[in-house]
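Visitor: I'm new to reading protein structures. Could you walk me through one, feature by feature?

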Amino acid sequence: MDIKLKWIDEEEELFKQVLELRWKVLREPLGMKRGTEHNVKDNKPYSFHIVAIVEEKVVGTCSLVHKEGSQEIRLFQMGVYDEWQGKGVGKKIVLHIIDTLKNDQRIKTAHKLLEKRLSKLKCHARAYACPFYEKLGFHKVGEMFVEVSIDHFKMEVSLN
């Protein structure tokens, strides 16, 4: 199984597959409406999307958003199709993000560039996904909270 990772912009054709994956994996199971898979953070100047591709099909995705002036970056909308879960796709995505941010500190797409030393990668993890993130070096910060009708924890990992 050859899983390729690629950073993309919202304007690219592959982003349509990102939105479909988000819908099928993250929104439809919660009974949410179509359209909620497109996040307001998607089109920010410092938002980035990574996709895991197998045979030209997006099987996993994750997005990042960085607020200018901050030393932190936030992971959001992480998802992997059910049939690809447990096969290392999500792990490969997150470890690539961490490695990129820890080492060369550069994320480049066709239209965007992030070239800045950051100190933390953060996320709002669904409670059932916390063990996945903990295995990758994240730790919980604070108490459980509810977001999109599901229990979540704030989690973070140091990039230093």
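Guide: Let's start with a single pairing: Trp 7 has Ile 50, in strand β2, as its bridge partner. Keep in mind that this is a predicted model.

Visitor: Which strand is joined to β2 by five bridges, and in what sense do the two run?

Guide: That's strand β1, residues 4–8, and β1 and β2 run antiparallel. On to another neighbour: β2 also pairs with strand β3, residues 57–66, through eight bridges, again in the antiparallel sense. For one spot to look at there, find Phe 48, which stands opposite Leu 64 in β3.

Visitor: What sits between β2 and β3 in their hairpin?

Guide: Two residues lie between the strands, and in this hairpin Glu 55 takes a positive phi near 50 degrees.

Visitor: How should I read the two sides of a strand?

Guide: The general idea is that side chains in a regular strand alternate between the two faces of the sheet. Now try it on β2, residues 47–54.

Visitor: Are the faces of β2 covered or open?

Guide: Both are covered. One side carries Ser 47, His 49, Val 51 and Ile 53, the other Phe 48, Ile 50, Ala 52 and Val 54, and all of these are buried. Put as a count, eight of the eight residues in β2 are buried.

Visitor: Next, the nonpolar core. How many residues does the largest one have?

Guide: It has 47 residues, and the ones with the most contacts inside it are Leu 75, Ile 97, Leu 121, Tyr 133 and Phe 138. Helix α1, residues 14–27, gives the largest share of this core, with seven residues.

Visitor: Let me pick Tyr 133. What does it touch?

Guide: Leaving out residues up to four places away in sequence, Tyr 133 touches Leu 75, Met 78, Val 94, Cys 123, Ala 125, Phe 138 and Met 155.

Visitor: And how many aromatic pairs are there?

Guide: There are two. Phe 132 and Tyr 133 make an edge-to-face pair, 5.0 Å centre to centre, with 75 degrees between the planes. Tyr 133 and Phe 138 are edge-to-face too, at 5.3 Å centre to centre and 70 degrees between the planes. Phe 132, Tyr 133 and Phe 138 form one aromatic cluster.

Visitor: Is Phe 132 buried or partly exposed?

Guide: Partly exposed, as its relative accessible area is 29%. Tyr 133 has 6%, so it counts as buried, and Phe 138 is buried as well.

Visitor: Which charged residues sit over rings?

Guide: Look at Lys 41, whose charged end sits over the ring of Phe 76, 5.1 Å from the ring's centre. Lys 140 lies over the face of Phe 153, 4.3 Å from the ring centre.

Visitor: Last one: how many disulfides are there?

Guide: First the idea: a disulfide is a covalent bond between the sulfur atoms of two cysteines. Here the count is zero.

Visitor: Why doesn't Cys 62 bond with Cys 123?

Guide: Distance! The sulfur of Cys 62 is 8.4 Å from that of Cys 123, the closest cysteine sulfur, and that is too far for a bond, because the cut-off is 2.5 Å. Cys 130 also has its closest cysteine sulfur in Cys 123, 7.7 Å away, so no bond there either. Cys 62 is buried at 0% relative accessibility, and Cys 130 is buried at 2% relative accessible area.

Key
Residues numbered from 1 in each chain as written. Predicted model: local features only at pLDDT ≥ 70, side-chain atom pairs only at ≥ 80, totals over all residues. Heavy atoms only, no water. Buried < 20%, exposed > 50% of the residue type's maximum accessible area, 1.4 Å probe, protein only. Helix = DSSP H or I, 4+ residues; strand = E, 2+ residues; numbered from the N terminus. Pairing = 2+ DSSP bridges. Core = buried A, V, L, I, M, F, W, Y, C linked by side-chain atoms within 4.5 Å. Contact = heavy atoms within 4.5 Å. Phe/Tyr/Trp six-rings, centres within 6.5 Å; stacked < 30°, edge-to-face > 60°. Lys NZ or Arg CZ within 6 Å of the ring centre and 35° of its normal.
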